[in-house]
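Open the model in your viewer and keep the selection tool at hand. The stops below say what to select and what is there.

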Amino acid sequence: MEDDNYYIGLNKNPIRFEPVSKANNVFFDDANKQVFAVRSRGAMGVVMKGPEEKASASFRMEDRGDMLSIKFSPDKKILAAQRSLKTVEFINFLEDFTTDQTEYSQACKGKTTEIRGFVWSSSNEIIFVTSVGLEQYQVIPEKRLLKSLKNISLQVNWYVWLNSSSLLLVSSGTLGNTLHPFQFKSPGVITRLPKFDVDLSIIPRPPKLSLLERDVIIATIYENVYVVILRHPQAQSTGAELVLYQLQKEGPARKTDILKLDMSGRFAINVVDNLIMVHHQASKTSVIFDIKLEGKSDGFVNYHYPVLSPLGIKPFKLLLPSVNMQAGTDKTEYNCELYSANWIVFQPDIVIDAKLGCLWTLQINLQPLVTMIPDKDKLIQFLLNRSDSKSVILNVCAQMLVPGKQASLQAIAKVYDLLNLTYKQHLDTEAQLSSGDSVPAGQNKKVVVEQPDMFTHVFSIFEDYKDIKYKFMVAVLIEYIRSLHQFNIPVQHYVYELIINILVHNNCFYQLHQFLQYHVLSDSKPLACLMLSLETVYPPAHQLALDMLKRIQTANEEIIEVLLSKQQLLPALRFIRSVGNVESASARKFLEAALNTNDNMIFYTVFKFFEQRNVRSRQNPRFQTGEHCEQYVKQFESLFGSDAFMPAPPIQ
């Protein structure tokens, strides 16, 4: 199958583990991204595999009954295993994943209390989530015991844990729709955030648990933490929807977005690269939502539809041991069943097939989206928020200039404005950082397309396609310059150089003259030097360059050098007099240039000009030793005599 037909895929190298069987149970710890294969309840060994090869381990445990849950502490030094509803067992591990085999345990408080599960809030702190609340313990591995830190009383239906934010979400109430967020940022501290109620599509009579754990995830999307609720439709005629509640530091979570699915049935949710990905088992398709793209708003909530039509995950083939050894191979290629009933998804991007023994991460392939999203404005907005999209963005921008696929100038202008808005935000953030100011988190997460990127990867297309009309090239570059100016971004000289070269190559000197005269091309020293080099093909370029250098006001040295190189000594003397640089000007440089003209009258005029300067400043016509003008004094005397007295022609 062509990659271009699919924008969602499974990573090529899944973590392989022993599949579920009568003798083997599989558990997944979503905090550490570790999968555990437990054979014969641990007696025949436990094999743990993590995202990296070196994170693997195998060990044995005593058979103390069926395993309910198993998780390592964040530093992988303590293993916690739950086999009953009353206790959790612990084993200490060394760096090399060897264990001392001495287990210790901790029971929950209360005779009728049941442990719903547990989470590690830090390397030495564990939270028991029980039927009647939370129990926080400090684990002391050296003493092989746990110390009780804090208890919170609360009726608990189920819980969800987001490790990246140390956030625990607990469901309570008869309907299950009252949610209590707790945060564990500091050791020994539980921060209780305001509780909030989730809207239900239907309230059953008599009341019963309606909001289930399988329909709730917590996710970090664009630096904000959201509780995402799958709300099933009241009737078959309407589709399910995802409701996003953004957690607030102050006040209860706020309903911000509703994602319309237009389907019903069984769903699974992942978050990949800030995109909410919803898998629909019945149709074996997935859709993606981007809450940064503009949706419809009722003034309170934004309503979003999928970025694209539903599409399946890219087919995946797996090498498995061959059943038919006579075929001459010990491996055979197996087409994995996508959206299998055996699939379980974990946050943010994990898919596990326990019967196949595979753990994948989901990935977004951006290239196919270029043709799937025809609206370039929307496409670029979407791509700017993806983590690894710069090459795709540049490719889109380049394709907009290719003959046969050329976009309108209006469409190109919109794209450039989107790119340069982000570019400007990036420059402002860089300036804030360099001045020592703090920058809000997530301020600079977008992909940044800078001028060198555009010059190298986009405007280089003008060289590759000789049939692009020069007027279109000029218009595109002017549009890019306009956009940079709009966001107060200084234009790099090579962008101007490109537009000038195109105009010169096509003999459009009048247009070039106008661009310079009306400051479409901003004044700069490199641009003035380029104009000077064009004098042979366009004589007025020389004066345009000089005018530009004068306007810059910090280019006096460059102007003098230009005039001297052209042997325009009298204009050079007039210039240094006009800007008040006579006293600091190098007499030697001017006298050398005058001598090179082979015009004695010019030499005489320049010599007398500096003699008069010497008289004004030191009441003595002679040059100082440090000015190194001795050879020119001798030359003057040999030409005009030591007593030469001739009034110097006035320099007008």
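Start with helix α14, residues 587-596, in this predicted model. Note that Asn598, which follows α14, has a positive phi, near 60°. Which residues of α14 are buried? Colour Ala587, Phe590, Leu591, Ala593 and Ala594, since these are the ones that are buried. Looking down the axis of α14, the buried residues fall within an arc of 160°, so they line one face of the helix. To see what covers them, add α12 (556-565), α13 (569-578), α15 (600-618) and α16 (630-640), which are among the covering elements.

While α15 and α16 are displayed, select Arg618 and Glu627. The two form a salt bridge, with the closest N and O atoms 4.0 Å apart. Arg618 has a relative accessible area of 27%, so it counts as partly exposed. Glu627 has 18% and is buried, because buried means under 20%.

**The nonpolar core**

Next, select Phe459 and Phe462. These are the residues with the most contacts inside the largest nonpolar core, which has 124 residues. Helix α8, residues 493-505, gives the most to this core, with 9 residues. Now centre on Phe459 and show what it touches, leaving aside neighbours within four places in sequence. The contacts are Leu401, Tyr416, Met454, Val476, Leu477, Tyr480 and Leu498.

**Strand β8 and its partners**

Move to strand β8, residues 78-82. Is β8 buried or exposed? 5 of its 5 residues are buried, so the strand is largely enclosed by the rest of the structure. In a regular strand the side chains alternate between the two faces of the sheet. Here, Ile78, Ala80 and Gln82 are buried on one side, and Leu79 and Ala81 are buried on the other.

Add strand β7 (residues 69-72), which runs antiparallel to β8 and is joined to it by 4 bridges. To check the register, pick Ser69 and its bridge partner in β8, Gln82. The two strands form a hairpin with 5 residues between them, and Lys76 in the turn has a positive phi of about 65°.

Then add strand β9 (residues 87-92), which is antiparallel to β8 and joined to it by 5 bridges. The hairpin from β8 to β9 passes through 4 residues. For the register here, pick Ile78 and its partner in β9, Asn92.

With this part still on screen, show the side chains of Glu89 and Arg83. They meet in a salt bridge (3.3 Å, N to O), and both residues are buried.

**A three-stranded sheet**

Select the open sheet of 3 strands, whose order is β24-β25-β26 with antiparallel pairing. At its edges are β24 (267-272) and β26 (285-289), each pairing on one side only. From one strand to the next, the twist averages 25°. Strand β25 (residues 275-280) pairs with β26 over 5 bridges; Ile276 has Phe289 as its bridge partner in β26.

From here, select Lys284 and Glu337. Their salt bridge has its closest N and O atoms 3.9 Å apart. Lys284 lies in the loop between β25 and β26, and Glu337 in the loop between β30 (331-335) and β31 (343-346), so the pair ties together parts that are 53 residues apart in sequence. Lys284 is partly exposed at 39% relative accessibility, and Glu337 is partly exposed at 43%.

**Last stop**

The structure holds 20 salt bridges. To finish, select Glu62, Arg64 and Glu103, which are linked in a salt-bridge network.

Methods:
Residues numbered from 1 in each chain as written. Predicted model: local features only at pLDDT ≥ 70, side-chain atom pairs only at ≥ 80, totals over all residues. Heavy atoms only, no water. Buried < 20%, exposed > 50% of the residue type's maximum accessible area, 1.4 Å probe, protein only. Arc of directions from axis to C-beta. Contact = heavy atoms within 4.5 Å. Core = buried A, V, L, I, M, F, W, Y, C linked by side-chain atoms within 4.5 Å. Pairing = 2+ DSSP bridges. Axes fitted to C-alpha atoms, helices over the stretch in contact; angles between N-to-C directions.
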